[in-house]
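Colleague: I would like a close look at one part of this model. Please take one residue and work outward from there.

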Amino acid sequence: MAERTDGQAPHPGTTGGGRKGTAGRPGTASTATGTGPGAASTGLRRDAQRNRELLLAAAREVFAEQGLGAPLDLIARRAGVGNATLYRRFPTRDSLIEEVFAEALAGLADAAEEVLRIEDAWTALTRYFERVFALVAADRGINDLVTMSNPDVKALADTIERNTRTVSALVTRAQQQGTLRTDVTPIDLLVVMGPICRAVPAFASVHPEAWRRYLALVLDSFRAGPPQPLPGLPARQEELDEVFTGVWEIDG
């Protein structure tokens with residue numbers, strides 16, 4: 001460093017020749033090259049967000065294939081991340097389940113609101129169960145979600161409560177309109193529908209739309225008035241064996 005002729009120390013951040021430098025300004029050089037603390041933090045946030053999205057996508061696939069009891073390490077492997085990353089993003093299985101199925105649960109809520117606006121209660125009741133069964137036929141995870149109790153997933157508890165209110169309202173209206181047997185309660189309907197709904201993925205493995213026949217058959221048993229024609233064809237013996245095998249695999 002050059003000495004000043006006036007006997008004073010050089011001003012910080014200047015060279016001996018009096019030109020202003022950048023070395024004395026903290027962060028200037030590192031910011032210029034994009035390698036400072038801010039850039040590193042941004043990179044970490046991007047990595048964390050990408051890992052989160054990969055985990056959610058993998059969890060949707062694995063839960064749809066194997067149900068909610070699928071191994072979490074399989075989800076991590078399919079996402080291409082380590083188990084530690086999975087547990088940092090989602091500390092519990094329930095937190096992962098709630099995030100993965102938020103959209104599906106919102107869809108069920110929308111379905112409930114839609115059918116309650118339909119004037120004919122029997123049509124509304126039929127469409128509501130068709131919507132639910134179509135969802136569980138396509139996704140074993142959703143099947144588990146709507147047929148198994150899990151009080152630790154708050155969104156699920158809210159959905160079950162809304163489902164009960166929806167069915168109760170439609171049953172009351174259908175009885176008032178004379179299209180539903182008057183000796184049937186909402187719980188009767190839910191008790192019968194639960195096991196049928198549980199078996200839907202096994203039926204879907206035989207034929208994607210096979211569940212429609214059995215849903216129609218069950219609903220018709222609650223209808224006031226003459227029976228209606230059933231859709232589709234009955235299962236053959238060899239198909240029935242396959243269905244039952246699938247049901248046991250679901251609950252195994």
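Leaving aside its neighbours within four places in sequence, which residues is arginine 181 in contact with?

Modeller: A caution to begin with: this is a predicted model. Arginine 181 is in contact with Gln175, Ser221, Phe222, Arg223 and Ala224, once neighbours within four places in sequence are set aside. Arginine 181 sits in the loop between H9 and H10. Its relative accessible area is 37%, so arginine 181 counts as partly exposed, between the 20% limit for buried and the 50% limit for exposed. One partner deserves a second look. Arginine 181 and arginine 223 are 42 residues apart in sequence, yet their C-alpha atoms are 5.8 Å apart in space.

Now the setting. The protein chain has 12 helices and zero strands. Read along the sequence, the pattern is one α after another: α-α-α-α-α-α-α-α-α-α-α-α. Of the 252 residues in the chain, 33% are buried. Take the contacts between residues at least 6 apart in sequence: 65% of them join residues at least 24 apart. The pair of arginine 181 and arginine 223, with their positions 42 residues apart, can be read against that background.

Start with the helix before the loop. H9 covers residues 154-176, 23 residues in total. From first C-alpha to last it reaches 33 Å, close to the 33 Å expected at 1.5 Å a residue. Glycine 178 follows H9, and its phi is positive, near 80 degrees. The buried residues of H9 are Leu156, Thr159, Thr166, Val167, Leu170, Val171 and Ala174. They pack against four helices: H6 (102-116), H7 (121-138), H8 (140-147) and H10 (186-206). Two of those partners, H7 and H10, are taken up next.

H7 comes first. The axes of H7 and H9 are 8 Å apart, at an angle of about 150 degrees. Angles over 145 degrees count as roughly antiparallel, so H7 and H9 are roughly antiparallel to each other. Their crossing is left-handed. H7 brings Ala121, Trp122, Ala124, Leu125, Tyr128 and Phe129 to the contact, and H9 brings Asn163, Thr166, Val167, Leu170, Arg173 and Ala174. By class, these residues are nine nonpolar, two polar and one charged. Thr166, Val167, Leu170 and Ala174 are among the buried residues of H9.

Next is H10, on the other side of the loop in sequence. H9 and H10 pack with their axes 9 Å apart, at an angle of about 120 degrees. That angle therefore makes H9 oblique to H10. The crossing is right-handed. On H9 the contact uses Asn163, Thr164, Val167, Ser168 and Val171; on H10 it uses Pro186, Leu189 and Leu190. Five of these residues are nonpolar, three are polar and none is charged. Asn163 and Val167 of H9 belong to this contact, and they also belong to the contact with H7.

Now go back to the partners of arginine 181. One of them is Phe222. Phe222 is also among the residues of H11 that meet H7. H11 covers residues 210-222, and its axis lies 11 Å from that of H7, at an angle of about 150 degrees. Here the crossing is right-handed. From H7, Trp122, Thr126, Phe129, Glu130, Phe133, Ala134 and Ala137 take part. From H11, Trp211, Arg212, Leu215, Leu219 and Phe222 meet them. The classes are nine nonpolar, one polar and two charged. Trp122 and Phe129 of H7 touch H11, and they appear in the contact with H9 too.

H7 also carries arginine 131. With a relative accessible area of 33%, arginine 131 is partly exposed. Setting aside residues up to four places away in sequence, arginine 131 touches Gly107, Ala111 and Glu114. Its C-alpha is 8.1 Å from that of leucine 108, which is 23 residues away in sequence.

To sum up the part you asked about: arginine 181 is a partly exposed residue in the loop between H9 and H10. Its contacts include Gln175, and also Phe222 and Arg223. Phe222 in turn takes part in the meeting of H11 with H7.

Note on methods:
Residues numbered from 1 in each chain as written. Predicted model: local features only at pLDDT ≥ 70, side-chain atom pairs only at ≥ 80, totals over all residues. Heavy atoms only, no water. Helix = DSSP H or I, 4+ residues; strand = E, 2+ residues; numbered from the N terminus. Expected span 1.5 Å × (residues − 1). Buried < 20%, exposed > 50% of the residue type's maximum accessible area, 1.4 Å probe, protein only. Contact = heavy atoms within 4.5 Å. Axes fitted to C-alpha atoms, helices over the stretch in contact; angles between N-to-C directions. Parallel < 35°, antiparallel > 145°, perpendicular 65-115°, else oblique. Left-handed = near helix turned anticlockwise from the far one by under 90°. Nonpolar A, V, L, I, M, F, W, Y, C, P; charged D, E, K, R; others polar.
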